[in-house]
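Visitor: I'd like to learn how to read a model like this one, feature by feature. Could you walk me through it?

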Amino acid sequence: DTHPCHHSYDTHPCHHSYDTHPCHHTYDTPPMPHPPMPPQTEDFSIYFSGKKKLLPQHNDLSFYNWDTNFCSSSSTPNYQVLADSKGGLLFKCKRDRKVIDVDPKATSPGDNTSRVSIFSPRYTQQVIIYDHITRRKA
């Protein structure tokens, strides 16, 4: 059986132990409900143009709400979410199978990936964008 947050029992992308994990449940209680899933990909030009503010959503690759302790992870047509006991939260590009490490302390985010910090008065915290380039086959 797969846990609703898609992690192994001894590790979690939100760095909780299994015993204190906010999504912890026993087999005789139903899993936490997940909100309906909107389309898995979207056009980011509205965010870069300033027409819309980029905010975390339940259907993101990884999501954690600090107020409610709700966490979720959602693979998309382009990326698979990996919770690794040693590497922490990782994303695997389905096209080229390269792994993206989103740990801010990592020396590199991975092959063909850049990490860009954006500071803006529109946001309370900095925004981190991981840009992964894939090559198209000729």
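Guide: Start at a turn: in the hairpin of strand 4 and strand 5, with five residues between the strands, Arg-97 has a positive phi near 65 degrees. Strands here are DSSP runs of E of at least two residues, helices are runs of H or I of at least four, and both are numbered from the N terminus. One caution: this is a predicted model, where local features need pLDDT of at least 70 and side-chain atom pairs count only at pLDDT 80 or more, while totals for chains, interfaces and linings use all residues. Residues are numbered from 1 along each chain as its sequence is written, and side-chain values use heavy atoms, with hydrogens and water left out.

Visitor: How many helices and strands does the protein chain have?

Guide: One helix and seven strands, in the order α-β-β-β-β-β-β-β from the N terminus on.

Visitor: How do I read a sheet, and which strands pair with strand 4?

Guide: Strands of a sheet pair through backbone hydrogen bonds, either parallel or antiparallel. The cut-off for pairing is at least two bridges found by DSSP between two strands. Strand 4 (residues 88-93) has six bridges to strand 3, antiparallel, and three to strand 5, also antiparallel. Leu-82 sits opposite Leu-90 of strand 4, and Lys-92 has Val-99 in strand 5 as its bridge partner.

Visitor: What order do the three strands take in the open sheet?

Guide: The order is 3-4-5, with antiparallel pairing. Strand 3 (79-84) and strand 5 (99-101) are the edges: each has a single partner strand, so one side of each lacks a neighbour in the sheet. From one strand to the next, the twist averages 30 degrees, taken between N-to-C directions of lines fitted to C-alpha atoms, on a scale from 0 to 180 degrees.

Visitor: Why is strand 4 described as largely enclosed?

Guide: Because five of its six residues are buried. Buried means under 20% relative accessible area, exposed over 50%, and partly exposed in between, using a 1.4 Å probe and protein chains only. Of the 138 residues of the protein chain, 25% count as buried.

Visitor: Is Ser-74, in the loop between strand 2 and strand 3, buried or exposed?

Guide: Ser-74 is buried, at 9% relative accessible area. Its C-alpha atom is 8.7 Å from that of Phe-63, eleven residues apart along the chain.

Visitor: What about cysteines: how many disulfides are there?

Guide: A disulfide needs a pair of cysteine sulfur atoms within 2.5 Å, and the count here is zero. Cys-71 is buried at 1% relative accessibility, and Cys-93 is buried at 4%.

Visitor: And pockets? Which residues line the second largest pocket?

Guide: Rolling a probe the size of a water molecule over the atoms shows where empty space is left. On a 1 Å grid over the protein atoms alone, a pocket is an open set of points with protein on both sides within 12 Å along at least five of seven lines, whereas a cavity is a set where a 1.4 Å probe fits but cannot get out; lining residues have an atom within 4 Å of a point. Among the lining residues are Phe-44, Tyr-47, Phe-48, Arg-122 and Ile-129. Helix 1 (45-48) and strand 7 (127-132) each supply at least two lining residues.
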